[in-house]
Amino acid sequence: MSAYSVSIINEYISRLISTDPLLGNVSVTGEISNLNYHYTGHIYFSVTDRNSTLKCFYSKSYNDRLPFVLEEGMEVVLSGEINVYKKGGYYSLFVKDVQKKSEKGNLAVQFEEMKKRLEAEGLFDQAHKKPLPPFPEKIGVVTSSTGAAVEDIKRVITEKNSYVDIFVFPVQVQGENAKYSIAQMIDFINKSEEYNDIDILIVGRGGGSQEELWPFNEEIVARAIYNSKIPVISAVGHETDISISDFVADAACPTPTKAAETAVPDIKMIMNGLDTMISDMSTDLKGRLRFSEQKIDNLMESIKSDFRYRIERYSQTIEKYRIALEDNNPLKVLSKGYAVVRDENNSIIKSVDDLRDGRTVKITLKDGTVLLTAKDVRGEQNV
(Lines give C-alpha, C1' and ligand atoms only; values in the text may rest on other atoms or scores of the structure.)
Protein backbone atom coordinates (compact mmCIF):
# COMPACT_ATOMS: atom_id res chain seq x y z
CA MET A 1 0.00 0.00 0.00
CA SER A 2 1.34 3.41 -1.02
CA ALA A 3 1.83 6.12 1.59
CA TYR A 4 0.46 9.62 0.80
CA SER A 5 1.60 12.93 2.13
CA VAL A 6 -0.60 14.93 4.49
CA SER A 7 -0.99 17.62 1.81
CA ILE A 8 -2.31 15.13 -0.72
CA ILE A 9 -4.81 13.73 1.75
CA ASN A 10 -6.05 17.18 2.72
CA GLU A 11 -6.21 18.21 -0.95
CA TYR A 12 -8.24 15.11 -1.76
CA ILE A 13 -10.65 15.73 1.10
CA SER A 14 -10.97 19.39 0.01
CA ARG A 15 -11.96 18.33 -3.52
CA LEU A 16 -14.51 15.86 -2.18
CA ILE A 17 -16.13 18.47 0.03
CA SER A 18 -16.05 21.28 -2.56
CA THR A 19 -17.86 19.13 -5.14
CA ASP A 20 -20.58 17.98 -2.76
CA PRO A 21 -23.80 19.92 -3.65
CA LEU A 22 -25.16 19.74 -0.11
CA LEU A 23 -22.05 21.13 1.54
CA GLY A 24 -21.78 23.92 -1.04
CA ASN A 25 -24.96 25.61 0.23
CA VAL A 26 -25.89 24.52 3.72
CA SER A 27 -27.76 25.95 6.71
CA VAL A 28 -26.71 25.03 10.24
CA THR A 29 -28.39 25.84 13.56
CA GLY A 30 -26.77 25.93 16.97
CA GLU A 31 -25.27 28.11 19.73
CA ILE A 32 -22.27 30.38 19.31
CA SER A 33 -19.15 29.58 21.35
CA ASN A 34 -15.46 30.50 21.30
CA LEU A 35 -16.39 33.84 19.72
CA ASN A 36 -13.44 35.93 18.47
CA TYR A 37 -13.83 39.33 16.75
CA HIS A 38 -10.44 39.51 15.00
CA TYR A 39 -8.69 42.86 14.43
CA THR A 40 -8.82 42.19 10.66
CA GLY A 41 -12.60 42.43 10.82
CA HIS A 42 -13.13 38.69 10.34
CA ILE A 43 -15.10 36.79 13.00
CA TYR A 44 -14.02 33.33 14.20
CA PHE A 45 -16.31 31.19 16.33
CA SER A 46 -17.85 27.75 16.71
CA VAL A 47 -21.45 26.67 16.56
CA THR A 48 -22.43 23.84 18.88
CA ASP A 49 -25.31 21.60 19.81
CA ARG A 50 -25.47 19.03 22.62
CA ASN A 51 -23.21 16.57 20.86
CA SER A 52 -20.92 18.36 18.36
CA THR A 53 -19.01 21.51 17.46
CA LEU A 54 -18.43 23.08 14.03
CA LYS A 55 -15.77 25.72 13.41
CA CYS A 56 -17.00 28.84 11.60
CA PHE A 57 -15.37 31.67 9.69
CA TYR A 58 -17.33 34.87 9.00
CA SER A 59 -15.49 37.13 6.49
CA LYS A 60 -15.44 40.91 6.96
CA SER A 61 -16.88 41.31 3.45
CA TYR A 62 -20.07 39.58 4.65
CA ASN A 63 -20.31 40.56 8.32
CA ASP A 64 -20.13 44.29 7.51
CA ARG A 65 -23.85 44.02 6.78
CA LEU A 66 -24.71 42.21 10.01
CA PRO A 67 -27.43 44.28 11.79
CA PHE A 68 -26.61 42.89 15.26
CA VAL A 69 -23.64 41.83 17.40
CA LEU A 70 -22.85 38.14 17.83
CA GLU A 71 -22.71 36.98 21.43
CA GLU A 72 -21.65 33.82 23.26
CA GLY A 73 -24.57 31.41 23.65
CA MET A 74 -26.71 33.12 21.00
CA GLU A 75 -28.88 30.69 19.03
CA VAL A 76 -28.37 31.31 15.34
CA VAL A 77 -29.12 29.92 11.91
CA LEU A 78 -26.00 30.07 9.72
CA SER A 79 -25.95 29.84 5.92
CA GLY A 80 -22.80 29.19 3.89
CA GLU A 81 -20.51 26.48 2.54
CA ILE A 82 -18.11 23.93 4.05
CA ASN A 83 -14.46 24.57 3.25
CA VAL A 84 -11.28 22.66 4.15
CA TYR A 85 -8.41 24.55 5.69
CA LYS A 86 -5.72 22.38 4.12
CA LYS A 87 -2.82 23.85 6.07
CA GLY A 88 -4.43 23.15 9.42
CA GLY A 89 -6.13 19.94 8.34
CA TYR A 90 -9.65 20.84 9.47
CA TYR A 91 -12.88 21.89 7.86
CA SER A 92 -15.10 24.82 8.80
CA LEU A 93 -18.28 26.60 7.78
CA PHE A 94 -17.61 29.64 5.62
CA VAL A 95 -20.53 31.80 6.82
CA LYS A 96 -22.40 34.09 4.38
CA ASP A 97 -25.50 34.93 6.42
CA VAL A 98 -26.51 34.84 10.09
CA GLN A 99 -30.00 35.02 11.56
CA LYS A 100 -31.00 34.90 15.18
CA LYS A 101 -32.94 31.71 15.58
CA SER A 102 -35.21 33.11 18.24
CA GLU A 103 -35.94 36.21 16.15
CA LYS A 104 -36.49 34.34 12.94
CA GLY A 105 -39.80 32.96 14.12
CA ASN A 106 -40.70 36.16 15.95
CA LEU A 107 -40.22 38.29 12.85
CA ALA A 108 -42.66 36.16 10.89
CA VAL A 109 -45.21 36.51 13.68
CA GLN A 110 -44.61 40.26 13.88
CA PHE A 111 -45.04 40.55 10.12
CA GLU A 112 -48.42 38.79 10.11
CA GLU A 113 -49.67 40.70 13.13
CA MET A 114 -48.73 44.08 11.66
CA LYS A 115 -50.14 43.13 8.26
CA LYS A 116 -53.52 42.24 9.78
CA ARG A 117 -53.63 45.36 11.94
CA LEU A 118 -52.72 47.82 9.18
CA GLU A 119 -55.03 46.10 6.73
CA ALA A 120 -57.88 46.44 9.22
CA GLU A 121 -57.11 50.17 9.48
CA GLY A 122 -57.47 50.52 5.70
CA LEU A 123 -53.82 51.24 4.84
CA PHE A 124 -53.92 48.64 2.08
CA ASP A 125 -57.22 49.79 0.51
CA GLN A 126 -57.14 50.11 -3.26
CA ALA A 127 -59.35 53.20 -3.06
CA HIS A 128 -56.52 55.08 -1.35
CA LYS A 129 -53.88 54.18 -3.93
CA LYS A 130 -52.84 56.96 -6.29
CA PRO A 131 -52.30 56.27 -9.99
CA LEU A 132 -48.78 56.62 -11.33
CA PRO A 133 -48.49 59.53 -13.78
CA PRO A 134 -47.95 58.16 -17.29
CA PHE A 135 -45.28 60.71 -18.22
CA PRO A 136 -43.32 61.69 -15.09
CA GLU A 137 -40.68 64.38 -15.39
CA LYS A 138 -39.05 63.99 -11.97
CA ILE A 139 -38.38 60.74 -10.06
CA GLY A 140 -37.27 60.64 -6.42
CA VAL A 141 -35.33 57.59 -5.19
CA VAL A 142 -35.28 56.88 -1.44
CA THR A 143 -32.58 54.28 -0.83
CA SER A 144 -28.94 53.82 0.12
CA SER A 145 -26.59 56.04 -1.86
CA THR A 146 -23.91 53.33 -2.00
CA GLY A 147 -25.85 50.19 -2.91
CA ALA A 148 -26.20 48.61 -6.33
CA ALA A 149 -29.94 49.33 -6.29
CA VAL A 150 -29.58 53.08 -6.80
CA GLU A 151 -27.20 52.59 -9.73
CA ASP A 152 -29.57 50.08 -11.36
CA ILE A 153 -32.48 52.49 -10.96
CA LYS A 154 -30.58 55.41 -12.49
CA ARG A 155 -29.29 53.27 -15.35
CA VAL A 156 -32.67 51.81 -16.29
CA ILE A 157 -34.51 55.14 -16.11
CA THR A 158 -31.86 56.90 -18.19
CA GLU A 159 -31.85 54.13 -20.80
CA LYS A 160 -35.63 54.19 -21.11
CA ASN A 161 -36.22 57.91 -20.90
CA SER A 162 -33.39 60.45 -20.83
CA TYR A 163 -35.89 63.31 -20.40
CA VAL A 164 -36.58 62.37 -16.76
CA ASP A 165 -34.71 64.04 -13.89
CA ILE A 166 -33.61 61.68 -11.07
CA PHE A 167 -33.22 62.86 -7.47
CA VAL A 168 -31.51 60.46 -5.03
CA PHE A 169 -32.41 60.88 -1.34
CA PRO A 170 -29.88 58.77 0.62
CA VAL A 171 -31.13 56.91 3.70
CA GLN A 172 -30.10 54.01 5.91
CA VAL A 173 -31.75 50.85 4.65
CA GLN A 174 -30.79 48.43 7.42
CA GLY A 175 -30.15 48.56 11.13
CA GLU A 176 -32.16 49.90 14.04
CA ASN A 177 -32.23 53.52 12.84
CA ALA A 178 -33.12 52.72 9.23
CA LYS A 179 -36.87 52.92 9.82
CA TYR A 180 -36.57 56.50 11.11
CA SER A 181 -34.26 57.48 8.28
CA ILE A 182 -36.66 56.18 5.62
CA ALA A 183 -39.85 57.56 7.17
CA GLN A 184 -38.37 60.99 7.89
CA MET A 185 -37.04 61.30 4.34
CA ILE A 186 -40.45 60.47 2.81
CA ASP A 187 -42.08 63.10 5.06
CA PHE A 188 -39.38 65.65 4.22
CA ILE A 189 -39.81 65.25 0.46
CA ASN A 190 -43.59 65.64 0.71
CA LYS A 191 -43.35 68.78 2.83
CA SER A 192 -40.43 70.41 0.99
CA GLU A 193 -41.25 73.27 -1.39
CA GLU A 194 -38.09 72.44 -3.34
CA TYR A 195 -39.23 68.91 -4.16
CA ASN A 196 -43.03 69.25 -4.19
CA ASP A 197 -43.07 68.80 -7.98
CA ILE A 198 -41.59 65.28 -7.88
CA ASP A 199 -43.96 62.96 -9.73
CA ILE A 200 -43.04 59.53 -8.29
CA LEU A 201 -41.04 58.21 -5.32
CA ILE A 202 -39.25 54.85 -5.54
CA VAL A 203 -38.66 53.56 -2.01
CA GLY A 204 -36.62 50.40 -1.41
CA ARG A 205 -33.31 48.57 -1.54
CA GLY A 206 -31.64 45.50 -3.01
CA GLY A 207 -31.76 42.00 -1.62
CA GLY A 208 -30.71 40.88 1.85
CA SER A 209 -31.67 38.77 4.82
CA GLN A 210 -34.99 39.08 6.58
CA GLU A 211 -33.41 41.23 9.25
CA GLU A 212 -31.76 43.48 6.67
CA LEU A 213 -35.05 44.06 4.90
CA TRP A 214 -37.01 44.50 8.13
CA PRO A 215 -37.04 48.36 8.17
CA PHE A 216 -39.50 48.19 5.27
CA ASN A 217 -41.84 46.18 7.51
CA GLU A 218 -41.86 48.83 10.22
CA GLU A 219 -45.10 50.67 11.01
CA ILE A 220 -43.49 54.12 10.88
CA VAL A 221 -42.35 53.49 7.31
CA ALA A 222 -45.74 52.09 6.32
CA ARG A 223 -47.54 55.18 7.61
CA ALA A 224 -45.08 57.54 5.92
CA ILE A 225 -45.78 55.81 2.59
CA TYR A 226 -49.54 55.86 3.23
CA ASN A 227 -49.50 59.59 4.01
CA SER A 228 -47.33 60.51 1.03
CA LYS A 229 -49.04 62.86 -1.41
CA ILE A 230 -46.54 61.74 -4.03
CA PRO A 231 -47.27 58.29 -5.55
CA VAL A 232 -44.89 55.69 -4.09
CA ILE A 233 -43.46 52.57 -5.74
CA SER A 234 -42.20 50.01 -3.22
CA ALA A 235 -39.13 48.09 -4.43
CA VAL A 236 -37.67 45.91 -1.69
CA GLY A 237 -35.30 42.97 -2.13
CA HIS A 238 -35.62 40.25 -4.75
CA GLU A 239 -38.61 38.68 -6.49
CA THR A 240 -39.47 36.41 -3.55
CA ASP A 241 -39.29 39.14 -0.86
CA ILE A 242 -42.54 40.66 0.38
CA SER A 243 -42.72 43.64 2.70
CA ILE A 244 -45.39 45.69 4.46
CA SER A 245 -44.28 48.59 2.24
CA ASP A 246 -45.44 46.61 -0.78
CA PHE A 247 -48.99 46.44 0.57
CA VAL A 248 -49.17 50.14 1.50
CA ALA A 249 -47.49 51.65 -1.56
CA ASP A 250 -49.42 52.82 -4.62
CA ALA A 251 -47.50 50.25 -6.68
CA ALA A 252 -45.19 47.38 -5.70
CA CYS A 253 -42.37 45.92 -7.77
CA PRO A 254 -40.29 42.82 -6.99
CA THR A 255 -36.94 44.59 -7.49
CA PRO A 256 -35.56 48.13 -7.73
CA THR A 257 -34.78 47.51 -11.39
CA LYS A 258 -38.40 46.57 -12.09
CA ALA A 259 -39.54 49.69 -10.23
CA ALA A 260 -37.41 51.85 -12.54
CA GLU A 261 -38.92 50.10 -15.57
CA THR A 262 -42.44 50.68 -14.21
CA ALA A 263 -41.91 54.34 -13.29
CA VAL A 264 -41.15 55.73 -16.75
CA PRO A 265 -42.39 55.06 -20.28
CA ASP A 266 -39.95 53.88 -22.94
CA ILE A 267 -39.30 57.01 -25.02
CA LYS A 268 -38.02 54.91 -27.95
CA MET A 269 -41.25 52.92 -28.08
CA ILE A 270 -43.25 56.15 -27.86
CA MET A 271 -41.28 57.70 -30.72
CA ASN A 272 -41.71 54.55 -32.81
CA GLY A 273 -45.41 54.61 -32.01
CA LEU A 274 -45.63 58.27 -33.02
CA ASP A 275 -43.82 57.53 -36.28
CA THR A 276 -46.30 54.76 -37.01
CA MET A 277 -49.21 57.02 -36.07
CA ILE A 278 -47.91 59.83 -38.28
CA SER A 279 -47.45 57.40 -41.16
CA ASP A 280 -50.99 56.04 -40.69
CA MET A 281 -52.39 59.57 -40.47
CA SER A 282 -50.50 60.59 -43.61
CA THR A 283 -51.84 57.58 -45.50
CA ASP A 284 -55.35 58.28 -44.26
CA LEU A 285 -55.06 61.98 -45.13
CA LYS A 286 -53.84 61.19 -48.65
CA GLY A 287 -56.78 58.85 -49.10
CA ARG A 288 -59.19 61.51 -47.85
CA LEU A 289 -57.61 64.09 -50.19
CA ARG A 290 -57.97 61.74 -53.16
CA PHE A 291 -61.59 61.10 -52.22
CA SER A 292 -62.23 64.85 -51.80
CA GLU A 293 -60.54 65.63 -55.11
CA GLN A 294 -62.72 63.02 -56.82
CA LYS A 295 -65.82 64.52 -55.21
CA ILE A 296 -64.76 68.01 -56.33
CA ASP A 297 -64.12 66.75 -59.88
CA ASN A 298 -67.53 65.09 -59.94
CA LEU A 299 -69.15 68.21 -58.55
CA MET A 300 -67.44 70.45 -61.12
CA GLU A 301 -68.48 68.15 -63.91
CA SER A 302 -72.03 68.21 -62.59
CA ILE A 303 -71.95 72.03 -62.40
CA LYS A 304 -70.58 72.26 -65.95
CA SER A 305 -73.27 69.92 -67.21
CA ASP A 306 -75.95 71.93 -65.41
CA PHE A 307 -74.56 75.20 -66.83
CA ARG A 308 -74.53 73.77 -70.35
CA TYR A 309 -78.13 72.66 -69.91
CA ARG A 310 -79.20 76.05 -68.54
CA ILE A 311 -77.33 77.94 -71.28
CA GLU A 312 -78.95 75.78 -73.94
CA ARG A 313 -82.38 76.24 -72.39
CA TYR A 314 -81.89 80.01 -72.04
CA SER A 315 -80.60 80.19 -75.61
CA GLN A 316 -83.78 78.50 -76.85
CA THR A 317 -85.91 80.91 -74.80
CA ILE A 318 -83.97 83.91 -76.11
CA GLU A 319 -84.37 82.65 -79.66
CA LYS A 320 -88.10 82.24 -79.12
CA TYR A 321 -88.29 85.81 -77.81
CA ARG A 322 -86.17 87.06 -80.68
CA ILE A 323 -88.53 85.51 -83.20
CA ALA A 324 -91.52 86.92 -81.36
CA LEU A 325 -89.94 90.38 -81.28
CA GLU A 326 -89.05 90.14 -84.90
CA ASP A 327 -92.56 89.10 -85.78
CA ASN A 328 -93.93 92.00 -83.78
CA ASN A 329 -91.43 94.57 -85.01
CA PRO A 330 -93.43 97.68 -86.01
CA LEU A 331 -91.19 98.19 -89.02
CA LYS A 332 -92.08 94.77 -90.28
CA VAL A 333 -95.76 95.59 -89.84
CA LEU A 334 -95.27 98.86 -91.66
CA SER A 335 -93.63 97.04 -94.55
CA LYS A 336 -96.96 95.34 -95.16
CA GLY A 337 -98.60 98.70 -95.93
CA TYR A 338 -99.59 99.81 -92.48
CA ALA A 339 -98.78 103.25 -91.03
CA VAL A 340 -98.57 104.86 -87.60
CA VAL A 341 -100.46 108.13 -87.04
CA ARG A 342 -99.27 110.54 -84.31
CA ASP A 343 -100.49 113.97 -83.24
CA GLU A 344 -98.36 117.05 -82.72
CA ASN A 345 -97.39 115.73 -79.30
CA ASN A 346 -96.12 112.53 -80.88
CA SER A 347 -98.90 110.54 -79.24
CA ILE A 348 -100.37 107.72 -81.31
CA ILE A 349 -103.84 108.42 -82.61
CA LYS A 350 -105.93 105.32 -82.30
CA SER A 351 -109.36 106.65 -83.27
CA VAL A 352 -110.87 109.18 -85.65
CA ASP A 353 -112.48 110.60 -82.62
CA ASP A 354 -109.09 112.01 -81.74
CA LEU A 355 -108.94 113.94 -85.02
CA ARG A 356 -110.55 117.08 -86.25
CA ASP A 357 -110.34 118.95 -89.48
CA GLY A 358 -107.27 121.05 -89.84
CA ARG A 359 -105.26 119.13 -87.26
CA THR A 360 -101.71 118.33 -88.25
CA VAL A 361 -100.80 114.65 -87.95
CA LYS A 362 -97.57 112.78 -88.53
CA ILE A 363 -97.79 109.56 -90.46
CA THR A 364 -94.93 107.07 -90.24
CA LEU A 365 -94.50 104.63 -93.08
CA LYS A 366 -91.89 101.91 -93.56
CA ASP A 367 -89.49 104.24 -95.29
CA GLY A 368 -90.16 107.62 -93.70
CA THR A 369 -92.53 110.17 -92.12
CA VAL A 370 -94.92 112.68 -93.63
CA LEU A 371 -96.90 115.59 -92.08
CA LEU A 372 -100.52 115.95 -93.20
CA THR A 373 -103.43 118.17 -92.29
CA ALA A 374 -106.60 116.32 -91.42
CA LYS A 375 -109.52 117.15 -93.67
CA ASP A 376 -112.94 115.68 -93.97
CA VAL A 377 -112.69 113.53 -90.85
CA ARG A 378 -115.31 110.81 -90.86
CA GLY A 379 -116.27 108.12 -88.37
CA GLU A 380 -116.80 104.47 -89.31
CA GLN A 381 -120.43 105.01 -89.85
CA ASN A 382 -119.71 107.79 -92.35
CA VAL A 383 -117.21 105.89 -94.45
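E301 counts as partly exposed, at 45% relative accessibility. Keep in mind that this is a predicted model, so please read every value I give you as computed from the prediction. The partner of E301 is R308, and the two form a salt bridge whose closest N and O atoms are 3.7 Å apart. R308 is partly exposed as well, with a relative accessibility of 49%.

Let's stay with charged pairs for a moment. How many salt bridges does the structure hold? The count is 18. Another one joins E176 to K179, again with 3.7 Å between the closest N and O atoms. Here the two ends sit in contrasting surroundings: E176 is exposed, with a relative accessible area of 58%, whereas K179 counts as buried at 14%.

Now please find helix α3, residues 101-121. The side chains of R117 and E121 meet there in a salt bridge, 4.0 Å from N to O. Why are these two about one helical turn apart? Because they are four residues apart in α3. R117 is partly exposed, with a relative accessible area of 37%, and E121 is partly exposed too, at 43%. This pair also belongs to a network of salt bridges that links R117, E121, E219 and R223.

Next, a charged residue without such a partner. K160 is in helix α4. Is K160 buried or exposed? It is buried, and yet it has no salt bridge. The nearest side chain of opposite charge belongs to D266, and it is 5.4 Å away; a salt bridge would need the nitrogen within 4 Å of a carboxyl oxygen. Leaving aside residues up to four places away in sequence, K160 touches E261, V264, P265, D266, I267 and K268.

Helix α4 brings us to the strands on either side of it. The chain leaves β6, passes through α4, residues 148-160, and arrives at β7. Which hand does this β-α-β crossover have? It is right-handed. Strand β6 covers residues 138-143 and strand β7 covers residues 165-170, and they pair in the parallel sense over six bridges. If you would like a marker for that pairing, V141 stands opposite V168 in β7.

Let's turn to the barrel. Five strands close into it in the order β1-β2-β3-β5-β4, and the pairing is mixed. Neighbouring strands of this sheet are turned by 55° against each other on average, with direction ignored. Helix α1, residues 6-18, packs on the sheet, where it touches β4 (75-85) and β5 (90-100). The direction of α1 makes about 130° with that of β4. Within the barrel, strand β1, residues 26-37, runs antiparallel to strand β2, residues 43-48, and five bridges join them. On that seam, N36 stands opposite Y44 in β2.

One last stop, and then I'll hand over. Where does N328 lie? You'll find it in the loop between α10 (267-327) and α11 (330-334). N328 counts as exposed, at 58% relative accessibility. You'll remember E261 as one of the residues that K160 touches. N328 and E261 are 67 residues apart in sequence, and their C-alpha atoms are 97 Å apart in space.

That's my tour, and thanks for listening!

Key: Residues numbered from 1 in each chain as written. Predicted model: local features only at pLDDT ≥ 70, side-chain atom pairs only at ≥ 80, totals over all residues. Heavy atoms only, no water. Pairing = 2+ DSSP bridges. Axes fitted to C-alpha atoms, helices over the stretch in contact; angles between N-to-C directions. Contact = heavy atoms within 4.5 Å. Right-handed = clockwise from strand over helix to strand, strands pointing away. Buried < 20%, exposed > 50% of the residue type's maximum accessible area, 1.4 Å probe, protein only. Lys, Arg positive; Asp, Glu negative; His and termini not counted.
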